[in-house]
Amino acid sequence: ELILSRFLPHERKARRFGIPFLGSGAIYPVDEESFIIEPFEIPRHWQRACGLDVGRNTGASWIARDPDSGNVYTYSDFLMIEGTPSNHVDAIQARGKWLKGAIDTSARGRSQTDGENLFDIYLEKGLHLVNADKAVSAGIYEVLEMLISGRLKVFSTCTALIKDIRSYQRDEKGQIIKKNDHIIDSWRYAIFNRDKILRTEAEFKAYNEPINVPYEDVPYSEDSWAV
């Protein structure tokens with residue numbers, strides 16, 4: 001046990017039992033048993049949010065934060081092949097119309113204008129959104145650090161996300177393999193931008209946020225948070 005304590009959590013099974021942990025190119029080489037947990041009902045007073053990676057195929061991930069421990073739990077995921085913004089909005093709002101999301105509309109080779117137009121389309125259809133800070137390396141290190149430290153958990157029912165985590169790798173040159181990564185990108189957006197988007201339904205109602213106004217444009221008033 002003393003020897004094992006000198007290794008990172010995701011290395012201990014390999015050291016103790018000779019069981020390898022994912023491939024050498026894995027971006028999140030963490031023992032799944034340390035972060036995949038059985039689902040439980042998220043308390044109403046926990047803040048929630050989602051991340052979105054939209055395009056021809058669209059992925060989304062939903063997170064909640066325990067206000068006591070600060071731990072973050074990934075409790076739902078979503079992947080739609082093809083589909084339209086209306087289809088995406090219906091699926092996203094089914095998990096809570098009051099939730100705020102971090103979205104990257106400029107990815108997948110879109111121009112800035114196309115990205116802005118797509119962002120506006122989702123706003124007009126009723127989603128509450130901010131443009132995601134999509135710093136890839138910083139986001140990956142943030143997620144990895146939280147996984148290793150035990151501050152980030154994933155429900156076992158998030159099967160699509162877990163599948164992405166297992167296959168998310170770098171090639172021989174150290175470049176991220178961009179394939180089947182819509183959900184895992186949305187997960188990174190949610191985690192890395194969580195302080196901008198996490199809130200409870202009570203906070204949403206107290207804030208009385210207009211349905212179609214981007215986060216940055218909503219006027220702030222201390223009185224608006226009174227419950």
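Two residues are in contact when heavy atoms of theirs lie within 4.5 Å. The exercises below apply this to a predicted model.

**Exercise 1.** Determine what share of the contacts between residues at least 6 apart in sequence joins residues at least 24 apart, and describe the make-up of the protein chain.

*Solution.* Begin with the contacts in the protein chain between residues at least 6 apart in sequence: 65% of them join residues at least 24 apart. Next, take the secondary structure, which consists of eight helices and seven strands. Then consider burial: of the 227 residues, 46% are buried. Finally, the accessible surface is about 12000 Å², and carbon and sulfur atoms account for 50% of this area.

**Exercise 2.** Identify which residues touch the most other members of the largest nonpolar core, and which helix gives the largest share of this core.

*Solution.* The core holds 57 residues, and those touching the most other members are Tyr28, Leu52 and Trp187. Helix 6, residues 182-192, supplies the largest share of the core, with six residues. Trp187 can then be followed further. Leaving aside residues up to four places away in sequence, Trp187 touches Tyr28, Ser61, Thr74, Val143, Leu147, Leu152, Val154, Leu161 and Ile165.

**Exercise 3.** Decide whether helix 4 is roughly parallel or roughly perpendicular to helix 6, and state which residues meet.

*Solution.* Two packed helices are described by the angle and the distance between their axes. The axes of helix 4 (residues 136-149) and helix 6 come within 9 Å and cross at roughly 80°. Angles of 65 to 115 degrees count as roughly perpendicular, so helix 4 is roughly perpendicular to helix 6. On the side of helix 4, the residues are Val136, Ala138, Gly139, Ile140, Glu142, Val143, Met146 and Leu147; they meet Trp187, Arg188, Ile191 and Phe192 of helix 6. By class, this contact has nine nonpolar residues, one polar and two charged.

**Exercise 4.** Carry out the corresponding analysis for helix 5 and helix 6.

*Solution.* Here the axes come within 8 Å, and helix 5 (residues 159-167) crosses helix 6 at roughly 95°. Helix 5 and helix 6 are therefore roughly perpendicular to each other. Ala160, Leu161, Asp164 and Ile165 in helix 5 meet His182, Ile183, Ile184 and Trp187 in helix 6. The residues of this contact comprise six nonpolar, one polar and one charged.

**Exercise 5.** Locate Val130 and establish whether Val130 is buried or exposed.

*Solution.* Val130 lies in strand 6, residues 128-131. The cut-off for buried is under 20% relative accessible area; Val130 has 0% relative accessibility and therefore counts as buried. In sequence, Val130 and Phe119 are 11 residues apart, while their C-alpha atoms are 8.9 Å apart in space.

How values were computed
Residues numbered from 1 in each chain as written. Predicted model: local features only at pLDDT ≥ 70, side-chain atom pairs only at ≥ 80, totals over all residues. Heavy atoms only, no water. Core = buried A, V, L, I, M, F, W, Y, C linked by side-chain atoms within 4.5 Å. Buried < 20%, exposed > 50% of the residue type's maximum accessible area, 1.4 Å probe, protein only. Helix = DSSP H or I, 4+ residues; strand = E, 2+ residues; numbered from the N terminus. Areas by Shrake-Rupley, 256 points an atom, 1.4 Å probe, with all protein chains shown as cover. Axes fitted to C-alpha atoms, helices over the stretch in contact; angles between N-to-C directions. Parallel < 35°, antiparallel > 145°, perpendicular 65-115°, else oblique. Nonpolar A, V, L, I, M, F, W, Y, C, P; charged D, E, K, R; others polar.
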